[in-house]
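Student: I have a new structure to read. Can we take the strands step by step?

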Amino acid sequence: MKNLLSDSLVITKRQVLQLARIPELLIFSTIQPVMFVLLFRFVFGGSIATGQPGGYVQLLMPGIFVQTVAFTLAATAAGLAQDMEKGLIDRFRSLPISRGAVVIGRTFGDALLNILVLAVMAAAGFAVGWRPSSGLLRISLGFLFLFAFGYALSWIGIYVGLVVRDARVVQNVGFLVTFPMTFLSNAFAPTTGMPRALQYVAEWNPVSSMVAACRQLFGLENEFGATANSWPSQHPLETSLLYMILLMVIFIPLSVRKYANTSN
Amino acid sequence: MKTVSAEQLIKTYDKGAVRALDGLSLDVTEGTVLSVLGPNGAGKTTTVRILATLLKPDSGNAHVAGIDVIKHPDKVREIIGLSGQYAAVDETLTGWDNLVMFGRLYHLGKQPSIDRANELLERFSLTESARRPIKTYSGGMRRRLDLAASLIVQPKVLFLDEPTTGLDPRGRMEMWGVIEELVTGGVTVLLTTQYLEEADQLADEIAVIDHGTVIARGTSDALKSQVGGERLEITTEIQDLVKVQEIIAHVSGSATHLDGRTVSAPVTSGSSALIQALRALDEASIHPLDIALKRPSLDDVFLSLTGHVAEETVVEPVQKKRGERK
């Protein structure tokens with residue numbers, strides 16, 4: 001146990017070194033979210049009437065932030081599956097290192113990447129008119145929420161990577177999960193336009209809670225929220241926290257155990 | 001003193017449908033090299049994975065340096081090195097990055113990790129490529145780096161799982177040289193291979209396995225004599241064939257075998273039979289194209305033990321579940 005943190009950090013450093021050795025990785029993992037910001041802002045921004053001072057981009061940015069951290073789940077899973085395929089995980093498992101260090105280290109690495117990506121996106125958003133109005137403290141809290149949500153989700157990625165083991169399959173599974181998860185929510189359009197049954201799904205979707213929470217923290221009314229009058233849509237901050245805790249309580253022990261027994 | 005021992009290991013996959021190990025037992029004496037020789041699917045990799053704590057057997061015992069592999073895997077991990085087809089390094093990082101990382105994971109301090117990395121790179125002739133990503137390395141260089149990574153902390157026992165599979169002859173020779181050097185340093189080695197000449201070259205003892213169990217073991221010489229003794233073999237011009245057959249029959253005292261222009265027969269008296277045959281040839285003024293005292297090769301050993309040749313690629317049922325083994 002005493003080496004858990006230091007072992008994990010060695011693994012994290014490995015990921016940082018990977019980014020330094022292949023800068024293209026870093027470039028492409030930031031280009032995609034920036035592209036989404038620009039596309040949604042200029043393709044839909046003009047035709048979605050929000051009644052929001054500052055326009056659609058104020059509602060859009062929290063949605064894209066959440067979508068982006070959710071998408072990194074697939075990258076986490078694919079990275080781990082690739083290490084399994086190449087035999088690197090076998091080597092790590094034959095070393096006298098703390099159980100859990102390899103997977104914990106990877107979640108740290110992905111968290112660092114998320115910080116960077118969020119910073120780049122915030123800058124891109126600012127450039128196209130995003131102006132959060134809630135003051136430095138609440139804005140920082142909003143980013144802390146996004147960061148924590150990304151971290152909680154990365155544990156799903158870890159588990160999927162360990163179970164699926166094939167990097168290409170993982171990529172596809174990742175998109176199959178994250179696309180509906182992010183679009184079946186209030187991230188890009190109000191849930192009021194959806195069929196009644198889907199509205200309930202959308203409002204209980206952790207992504208919706210997160211988006212609503214971020215909108216509140218960035219100083220907006222929760223416009224796309226409470227149509228189905230569900231508890232999550234009325235308490236987005238609390239719900240988001242609960243979801244994050246729940247995800248980690250389930251997936252951290254599950255992943256660590258899966259890692260330890262992965263060969264059997 | 002047995003540094004590695006495995007008793008009655010059984011490992012099945014797919015709920016018992018595939019028996020990868022079927023009561024396999026083996027041991028390795030301290031400071032020696034045991035080569036586990038067998039075709040694909042014989043259970044070589046499964047054996048190594050159990051001994052290296054990566055896999056738990058369904059039943060059976062295994063000890064490394066007296067430590068129970070199943071009960072105390074953490075203690076075993078401190079004294080073993082693992083290298084080969086299924087243990088790898090990070091290909092996007094440089095050789096130096098990798099070795100320093102593994103040093104840190106062995107809990108060497110920062111500077112000792114760096115020193116050790118430099119030392120190993122030097123020793124395996126990789127200093128020039130130290131700052132290049134592994135993916136630019138040749139197959140042989142990659143294997144050498146992989147081996148170096150398993151030697152960060154001088155291991156008591158080294159497991160080498162098919163260390164030269166997929167290498168070209170030059171890479172293989174280089175790897176053999178490196179392994180031989182290690183063995184001189186006193187480390188106990190368990191090496192799996194499907195190459196008979198590799199086992200012959202590197203091992204003190206050979207365990208031949210097939211279908212998850214050891215079917216023969218002993219030194220290379222012992223295994224060869226188990227198959228049969230030496231044969232006297234003479235290749236000659238067509239016009240001398242009859243005379244040569246007579247000479248060999250006389251020297252050997254048993255029936256001769258003719259294959260093209262090569263006549264052969266089993267002999268028991270070794271080199272004196274060879275001398276006797278040479279004298280007779282000289283008296284008859286026959287100049288043979290080739291004359292040799294042939295000992296059975298490990299190929300012959302394998303064939304006579306298993307009924308099939310070693311290089312034959314047996315489709316391994318377990319490989320369909322490749323992921324399961326990783």
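Tutor: This is a predicted model. Begin with a hairpin: E1(B) and E2(B) form one, with four residues between them.

Student: Which residue in the turn between E1(B) and E2(B) has a positive phi?

Tutor: Look at the residues between E1(B) and E2(B). One in the turn has a positive phi of about 55°. That residue is Asp14(B).

Student: How many bridges join E1(B) to E2(B)?

Tutor: E1 covers residues 2-13 of chain B, and E2 covers residues 18-29. The two run antiparallel. Val4(B) stands opposite Val28(B) in E2(B). The bridges joining E1(B) to E2(B) number nine.

Student: Which residue in E4(B) stands opposite Val4(B)?

Tutor: E4 covers residues 59-64 of chain B. E1(B) and E4(B) pair in the antiparallel sense over five bridges. Opposite Val4(B) in E4(B) stands Val64(B).

Student: Now E13(B). Which residues make up its covered face?

Tutor: E13 spans residues 262-267 of chain B. Its uncovered face holds Thr262(B), Ser264(B) and Pro266(B). The covered face is Val263(B), Ala265(B) and Val267(B).

Student: Which residue stands opposite Ala265(B) in E13(B)?

Tutor: Turn to E11, residues 230-235 of chain B. Six bridges join E11(B) to E13(B), and the two run antiparallel. Opposite Ala265(B) stands Leu232(B).

Student: Which residue in the turn between E12(B) and E13(B) has a positive phi?

Tutor: E12 (residues 257-259) and E13(B) pair in the antiparallel sense over three bridges. Asp259(B) stands opposite Thr262(B). The hairpin has two residues between its strands. The one with a positive phi, about 65°, is Gly260(B).

Key:
Residues are numbered from 1 along each chain as its sequence is written. Chains are lettered from A and ligands numbered from 1 in the order in which they are written. This is a predicted model: local features need pLDDT of at least 70, side-chain atom pairs count only at pLDDT 80 or more; totals for chains, interfaces and linings use all residues. Two strands pair if DSSP finds at least two bridges between them. A residue is buried if 20 or more other C-beta atoms lie within 10 Å of its own, exposed if 12 or fewer, and partly exposed in between; C-beta atoms are placed from the backbone.
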